[in-house]
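Welcome, and thanks for taking a look at this protein with us. Please have your viewer open and ready to jump between residues.

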Amino acid sequence: MSEASALPTRPALSDLLHAAVTAVGGTERPGQVAMAEAVAEAVGEGTHLLIQAGTGTGKSLGYLVPALAQGERVVVATATLALQRQLVERDLPRTVEALHPLLRRRPEYAMLKGRSNYLCLHRLHEGVPAEEEDALFDPVEAAARAAGPAGASSKLGKDLLRVRDWADETETGDRDDLRPGVSDRAWGQVSVSSRECLGAAKCAYGAECFAEAARERAKLADVVVTNHALLAIDAIEGAPVLPGHEVLIVDEAHELVSRVTGVASGELTPAGVSRAVRRSAKLVDEKAADRLLTASEGFERVMELALPGRLEQVPEDLGHALAALRDAARNCLTSLGNTRDRSVQDEDAVRKQAVASLENVHAVADRIAQASEYDVIWYERHDRFGASLRVAPLNVSGLLREKLFHDRSVVLTSATLRLGGDFNGVAASLGLAPEDRRDHAGGAGDAGAGDAAGEEESPRWQGLDVGSPFDYRKQGILYVARHLAPPGREGARSDMLDELSGLVEAAGGRTLGLFSSMRGAQAAAEELRGRLDVPVLLQGEETLGELIRRFAEDARTCLFGTLSLWQGVDVPGAGCQLVVMDRIPFPRPDDPLMSARQKAVEQGGGNGFMAVAATHAALLMAQGAGRLVRATGDRGVVAVLDPRLEKARYGGFLRSSMPDFWYTTDPTQVRRSLAAIDVADS
C-alpha cells in the first residue's frame, strides 16, 4: 500500500451536510447546498464571500458544516442574542454529534460575550464602589437587610437577591442564563465593563471569574460564537479579546456597519462628566480634583445652551470647555498614579472605576476638540436626560477593509445583502470594491471610492445569492397604494389611515404594522382601536417579547411599532398575513450622521441620496417585507402606503431589493385577496 493511499480521505461535503441536516430534523435545500459549496471554496482558497441566503434556506448549517470540515478555528459573529443561543444550544451540538463519525473528531465550541454580560463575583460580594459620601452600604447588602419574612420589599431588592441565589448554582454567570431575567439597573449592580474590571491577577475572585472562564473556553474551542460588538472591539480597538482564528463568519451581516459605527462612536454628557468628578474626588490631590470640578461646571454651562444638530465646526466656547475637560482629566489620571487612599474601602475597585470614567472623558473630549474631518460631531437633546455631545466616524468602510479582511477568510451572510439587484452597496459600506472593479490589480480589486490605499490592497471577494426555498410570487403580493397622497414631513395622513383600516378589516386583523416613527404607530393604533373590532397591540405598552408572543397566539391581533419590529419578528402561519409599511423608511433629514455621510458622497462626485438614504431604506424594506413569508405555507400581502415606491425614479431600486412578490397597485384586488386568505384560514 502506498503512503498516499494510507492517508485518510476527507469526507465529501455533501455527506457532511446531509448528516447535519438530518440531525436537526430538516431537509436539504438547493440554496443551502450551493451556500455550503461556496463557503467551502472561499475558506479553502482564503478569499472572501458575500452570500445572500433567504429566509428558510438553513444558512446556519450552510456555513457551519463547511467551516467545521476545514478543521481551522472559526469565529461566528451574530447581531442578535437569539441567533447566538440558537447556534450554541441547538445547531452546534447536533451538528458536532452528526459530523463526529465522519470527521473522526469532535470539534469544540464556545460562546463569548463582552465582560458586562457576565456576573462579577467581586461586585456581587463586595458591592458597588460608593460614589456619594452618604452611600452607607452596597445595594446587594441593602436588599438582604430589607428582606423580611416576605422577602425583599422592592423590585430592585428582589432582583438582586435572586441574582445572589443564582450565583451559587450557575456554571456560566451569563446574564442570558438567568431566567426570568432582571432589570438593567439590577444587573448593573453586579457586573462590570472591561475598563472597570480589576483583572484576574488583582481580584480576590479572579480564580472563579465567569468572564475569564468564558475566555479560556474560547481559547480551546474550534468554533467561537460571539457578537458584532465584540468583533468590532477586537478589530478596531487594538485590544484582542477573541482568540486567533483563520475563518470569520459574520451572520446578519447587514447589521455590521451599524454595530461597528456604534463601537467607534463617543459621547459626553454633563451627568457622565459629573460621575467622573465624584469617582475621582477622594483619590486625587485636591488641586487636581478642583480643576476637574471647574472644567465640569464649564462644560455643563455650555451644554445648557446646546441646540440639537450637527456641528460643522467646534464653536469657540465648546472648544475651550473641551480642552479644559481633557487637560483636567489627564491631570487627574496622572494624580491617580501617584496617590493611594487607604481610608477608602476596597480602594482598587474604586480606583479602577474612577480611571474608567476619566479615560472616557479624556478620550472623547480630546477627539471632539481635534474635530477631525473624518468624524461627525453633533448635539442631541433628550426630554428626560438633557443634552449630550456625540461623535461618530463619517465612514467605517476603510476601517473595516483594513481590520477585517486581512490574515483570514471572511464570509458575510444575511437574507438582505443584495440591494437594488447587486451587492455593490453593501460591499462599499464594508470597504470592498464594486463587483465590476474587484478584479483589478491582478485580481485584488481597487480600494474603493474616497480611499488613498493602492489598488492591490483591496480584498478579493465574490457575491452569491442562493435564493430562497419560498415561491414568493405565489405566496405573497406586494401592493403599493399609488392613489394616496405622498407623505409629508408633518401632520396626520387621513387617507393613509383610511387605507390602513380597510386593509386590516379585509385581513381580519393578522397585521404587522411597521411605522417610520413612534408617533405614527401611536396615531394608527389609536385610530384603528376606535374603528375596528380587532385587538391592536402597540410597541412600548409591554415588553417586546410579550407583545410578539400575544401577536403570534391570537390570529386576529395586530401589532404596530417601529424599528425593532422591522427586523425582529418571526411569526409564521396565520398570525401574520398582512405587513404594512406606512412610508418608505428614509433616514430623518435632520439625522446628523446620515446627512453628513450623504454630503460626503456628493462631494466625492457620487449620488449621496442613492448611496446613503436609498440604501438605508432598501435594507429596512427588505427586512420588513421578510416578516411576511416565514414558512412554505405562509401567504399574504406586503402593503406599502407610500406612492413614491411606484412613482419615484428610485422606486425600482427599492422594489428590486424586496422579495419577488406578485406586484399590484389595485386596492380592490388586494382587499379581495386578503379576504379570501382570511376565509380560507378561518
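What follows is a walk through the fold, from the overall picture to sheets, a hairpin, a cavity and some backbone details.

**Overall picture**

Please keep in mind that this is a predicted model. The protein has 29 helices and 18 strands. It counts 682 residues, of which 50% are buried. Looking at contacts between residues at least 6 apart in sequence, 75% of them join residues at least 24 apart.

**The sheet that contains E1**

One open sheet has seven strands in the order E3-E4-E2-E5-E10-E1-E11, and the pairing is parallel. At its edges stand strand E3 (109-111) and strand E11 (461-465), each of which pairs on one side only. On average, neighbouring strands of this sheet are turned by 15° against each other, with direction ignored.

Inside the sheet, strand E2 (residues 74-78) and strand E4 (residues 223-227) are joined in the parallel sense by five bridges. If you want a place to zoom in, Thr-78 stands opposite Asn-227 in E4. Helix H11 (residues 228-236) packs on this sheet, where it touches E2, E4 and E5, and its direction makes about 100° with that of E4. Helix H3 (residues 30-45) lies across strand E1 (48-52), strand E5 (247-250), strand E10 (409-414) and E11, and runs at about 165° to E1.

**The sheet that contains E12**

Another open sheet is built from seven strands in the order E14-E15-E13-E16-E17-E12-E18, with parallel pairing. Why is one side of strand E14 (536-538) and of strand E18 (662-664) left without a neighbour in the sheet? Both stand at the edges and each has a single partner strand, so one side of each stays unpaired in the sheet. Neighbouring strands here are turned by 15° against each other on average, direction ignored.

Strand E12 (residues 476-480) runs parallel to strand E17 (residues 636-640), and five bridges join the two. Leu-478 is found opposite Val-638 in E17. Helix H22 (residues 518-531) packs on the sheet and touches E14 and E15, with its direction at about 155° to that of E14. Helix H21 (residues 494-507) lies across E12, strand E13 (511-514), strand E15 (558-561), strand E16 (578-581) and E17, and runs at about 170° to E16.

The helices described for the two sheets can be set side by side:

| Helix | Strands touched | Angle to a strand |
|---|---|---|
| H3 (30-45) | E1, E5, E10, E11 | about 165° to E1 |
| H11 (228-236) | E2, E4, E5 | about 100° to E4 |
| H21 (494-507) | E12, E13, E15, E16, E17 | about 170° to E16 |
| H22 (518-531) | E14, E15 | about 155° to E14 |

**Strand E9 and its partners**

Is strand E9 (residues 386-393) mostly covered or mostly open? It is mostly covered, since six of its eight residues are buried. Strand E8 (residues 375-382) pairs with E9 in the antiparallel sense over eight bridges, and the two form a hairpin with three residues between them. Within this pairing, Val-376 has Ala-392 in E9 as its bridge partner. E9 also pairs with strand E6 (residues 266-268), again in the antiparallel sense, over three bridges. Here Glu-267 stands opposite Arg-390 in E9.

**A cavity**

How many cavities of 30 Å³ or more does a search of the whole structure find? The search finds one, and about 280 Å³ of space lies in the largest cavity. Its lining has 24 residues, with Cys-120, His-122, Val-192, Cys-197 and Leu-198 nearest the centre. By class, the lining has 15 nonpolar, four polar and five charged residues. Helix H6 (121-126), helix H10 (210-220) and helix H16 (347-370) each supply at least two residues of the lining.

**Backbone details**

A cis peptide bond joins Arg-179 and Pro-180, with omega at about -5°. Pro-180 sits in the loop between helix H8 (155-167) and helix H9 (184-188).

Two residues that are not glycines have a positive phi: about 60° for Arg-104 and about 65° for Asp-407. Arg-104 belongs to the loop between helix H5 (81-103) and E3, and Asp-407 to the loop between helix H17 (397-404) and E10. Exposed means over 50% relative accessible area. Arg-104 is exposed because its value is 72%, and Asp-407 counts as exposed because its value is 79%.

Methods
Residues are numbered from 1 along each chain as its sequence is written. This is a predicted model: local features need pLDDT of at least 70, side-chain atom pairs count only at pLDDT 80 or more; totals for chains, interfaces and linings use all residues. Side-chain values use heavy atoms; hydrogens and water are left out. Buried means under 20% relative accessible area, exposed over 50%, partly exposed in between (1.4 Å probe, protein chains only). Helices (H or I, at least four residues) and strands (E, at least two) are DSSP runs, numbered from the N terminus. Two strands pair if DSSP finds at least two bridges between them. On a 1 Å grid over the protein atoms alone, a cavity is a set of points where a 1.4 Å probe fits but cannot get out, and a pocket is an open set with protein on both sides within 12 Å along at least five of seven lines; lining residues have an atom within 4 Å of a point. Grid points are joined across faces, edges and corners, and a volume is the space filled by probe spheres set on the points. Ala, Val, Leu, Ile, Met, Phe, Trp, Tyr, Cys and Pro count as nonpolar, Asp, Glu, Lys and Arg as charged, and the others, Gly among them, as polar. Axes are lines fitted to C-alpha atoms, for helices over the stretch in contact, and angles run from 0 to 180 degrees between N-to-C directions. Contact means heavy atoms within 4.5 Å.
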